[in-house]
Amino acid sequence: MLLAIDVGNTQTVVGLFDGPELIDHWRIVTVAERTSDELALLLRQFLGWLGVSPSGAHNSPTDAGEISGIAISSVVPRVTASLRDMAERHFSVVPLIIEPGVRTGMPILYENPKEVGADRIANAVAAYDLYGGPSIVVDFGTATTLDAVSPKGEYMGGAIIPGIEVSMDALFGRAAGLRNVELVPPRHVIGKSTVESIQSGPIHRVTGQVDHLVRCFEAEMGESVVIATGGLAALIAPLSTTIQHEDPWLTLYGLRTVSERNSRHLPLAHRNAGAAGAAE
C-alpha cells in the first residue's frame with residue numbers, strides 16, 4: 001500500500017492507496033513544529049482505523065495491510081524534513097519526495113524548473129495521466145494556482161493569485177467593522193445582509209478571476225480540459241463557466257503516478273539489502 005502525503009501551507013492531505021484505488025483520505029492542519037514522532041503517531045492512528053500497519057524491517061513489502069511506500073509533495077521544508085525522518089524511522093521506508101532529480105515523466109518548461117512547487121507538478125502529472133492534454137489545473141488552496149499542460153504532456157507554467165481565505169483574512173484585518181463569516185455560497189449575488197455580502201464578494205471575485213485566467217490561457221494554448229482541485233474547489237467549481245471537472249484528490253493521484261515511475265520508496269530493509277549485494 002502507498003501512503004501519499006501532500007503538505008500545503010495551511011493543510012496537509014493524506015491518502016492511502018491500494019494499487020490504483022484510493023481507499024481513504026484525511027485532512028489535517030499543517031503545523032511546521034510537529035516532530036517526526038508526532039507525525040508518526042497521528043498517521044498510525046488514521047491507519048489503525050483501517051487495520052493498516054507500517055512495514056517492519058523484517059516484513060514483506062507486499063503483505064496485505066502494510067505500507068510499502070510513501071510519496072510526498074511539500075511546500076513546507078520543516079515538515080518535509082520531519083516526514084522524511086518519520087518514514088525511515090517509524091515506517092521503515094525511504095520516502096519518495098517530489099524534488100529535483102525525481103523522475104516525474106513530465107518535461108518542465110519553466111525557466112527554472114526548481115522553482116515549481118511539488119504540488120503543482122503532482123497536479124500536472126495527474127491531470128495529463130487522467131484527462132490528457134492540453135489541460136489546465138486550478139488548485140484552490142492557500143494560494144489559487146493555475147497550471148498549464150501541453151498536448152505533449154509538458155508542464156508549460158501557470159499563474160498564482162491569493163487564495164480566498166487569504167483575501168478574506170486581509171479584509172477582516174483592515175476593515176474593523178467587518179467580522180469573519182462562514183465561507184459558503186450566498187443565496188444571492190446581491191447580498192441581502194452584511195454576512196451575505198461578505199460571502200458573495202470573495203467567492204464570485206475568485207470565480208471571475210479564474211474564468212478570466214482560463215480564457216487567457218486558452219488564448220495562448222488552445223481549448224483545454226479544465227480541472228479544479230484543492231480544499232475549496234467544491235465552493236467555486238459549480239459557479240465557474242470554464243471548470244469542467246472537479247477532482248479533490250488530484251494531487252494524491254499525481255503522487256501515486258510519480259511513485260510508480262520511481263523505485264526510491266522501497267522499504268529500508270530492501271534498499272539496504274540491495275546496497276549490501278552491490279558491495280559484494
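**Pockets, a cavity and a sheet**

Me: What makes the second largest pocket a pocket, and how much space lies in it?
Reply: About 240 Å³ of space lies in the second largest pocket. Of its 14 lining residues, Glu99, Pro100, Pro113, Val116 and Ile121 are the closest to the centre. On a 1 Å grid over the protein atoms alone, a pocket is an open set of points with protein on both sides within 12 Å along at least five of seven lines, whereas a cavity is a set of points where a 1.4 Å probe fits but cannot get out; a lining residue has an atom within 4 Å of a point. Points are joined across faces, edges and corners, and the volume is the space filled by probe spheres set on them. One caution: this is a predicted model, where local features need pLDDT of at least 70 and side-chain atom pairs count only at pLDDT 80 or more, while totals for chains, interfaces and linings use all residues. Residues are numbered from 1 along each chain as its sequence is written, and side-chain values use heavy atoms, with hydrogens and water left out.

Me: How do you know which classes the residues of that second lining belong to?
Reply: Just sort them by name: Ala, Val, Leu, Ile, Met, Phe, Trp, Tyr, Cys and Pro are nonpolar, Asp, Glu, Lys and Arg are charged, and the others, Gly among them, are polar. That gives eight nonpolar, four polar and two charged residues around the second largest pocket.

Me: And what volume does the largest pocket have?
Reply: Its volume is about 560 Å³. There are 28 lining residues here, and the closest to the centre are Gly8, Asp139, Phe140, Gly141 and Thr142. By class, the lining has nine nonpolar, 12 polar and seven charged residues.

Me: Which strands and helices each supply at least two residues of that lining?
Reply: Strands E2 (11–18), E8 (135–140) and E9 (143–149) do, along with helices H3 (118–131) and H7 (250–260). The labels come from DSSP runs numbered from the N terminus: helices are H or I with at least four residues, strands are E with at least two. On that count, the protein chain has eight helices and 12 strands.

Me: What makes H7 count as mostly covered?
Reply: Nine of the 11 residues of H7 are buried, Leu250, Gly254 and Val258 among them. Buried means under 20% relative accessible area, exposed means over 50%, and partly exposed is in between, using a 1.4 Å probe and protein chains only. Across the 280 residues of the protein chain, 49% count as buried.

Me: Why does tryptophan 26 count as buried?
Reply: Its relative accessibility is 8%, so it falls on the buried side of the cut-off. Tryptophan 26 is found in strand E3. Leaving out residues up to four places away in sequence, tryptophan 26 touches Thr12, Leu16, Phe46 and Trp49, among others; contact means heavy atoms within 4.5 Å.

Me: Why is E1 described as largely enclosed by the rest of the structure?
Reply: Six of the six residues of E1 are buried, so the description fits. Leu2, Ala4 and Asp6 point one way, Leu3, Ile5 and Val7 the other.

Me: How do you know that E1 and E2 pair, and in what sense do they run?
Reply: Strands pair if DSSP finds at least two bridges between them. Six bridges join E1 to E2, which run antiparallel, so the pair passes the test. One of the partnerships puts aspartate 6 with valine 13 in E2. The two strands form a hairpin with three residues between them. E1 also pairs with E6, in the parallel sense over six bridges.

Me: Why do E3 and E7 stand at the edges of the sheet?
Reply: The open sheet of five strands has the order E3-E2-E1-E6-E7, with mixed pairing. E3 and E7 (96–97) each have a single partner strand, so one side of each is left without a neighbour in the sheet. For E7, the partner is E6 (residues 69–74), paired in the parallel sense over two bridges.

Me: What makes the space around Ile5 and Val14 a cavity?
Reply: A probe fits there but cannot get out, so by definition the space is a cavity. The structure holds one cavity of 30 Å³ or more, and about 80 Å³ of space lies in the largest cavity. Its lining includes Ile5, Thr12, Val14, Arg34 and Leu83. E2, E3 (21–29), H1 (36–49) and H2 (77–90) are the elements that give two or more residues to that lining. The classes are nine nonpolar, two polar and one charged.
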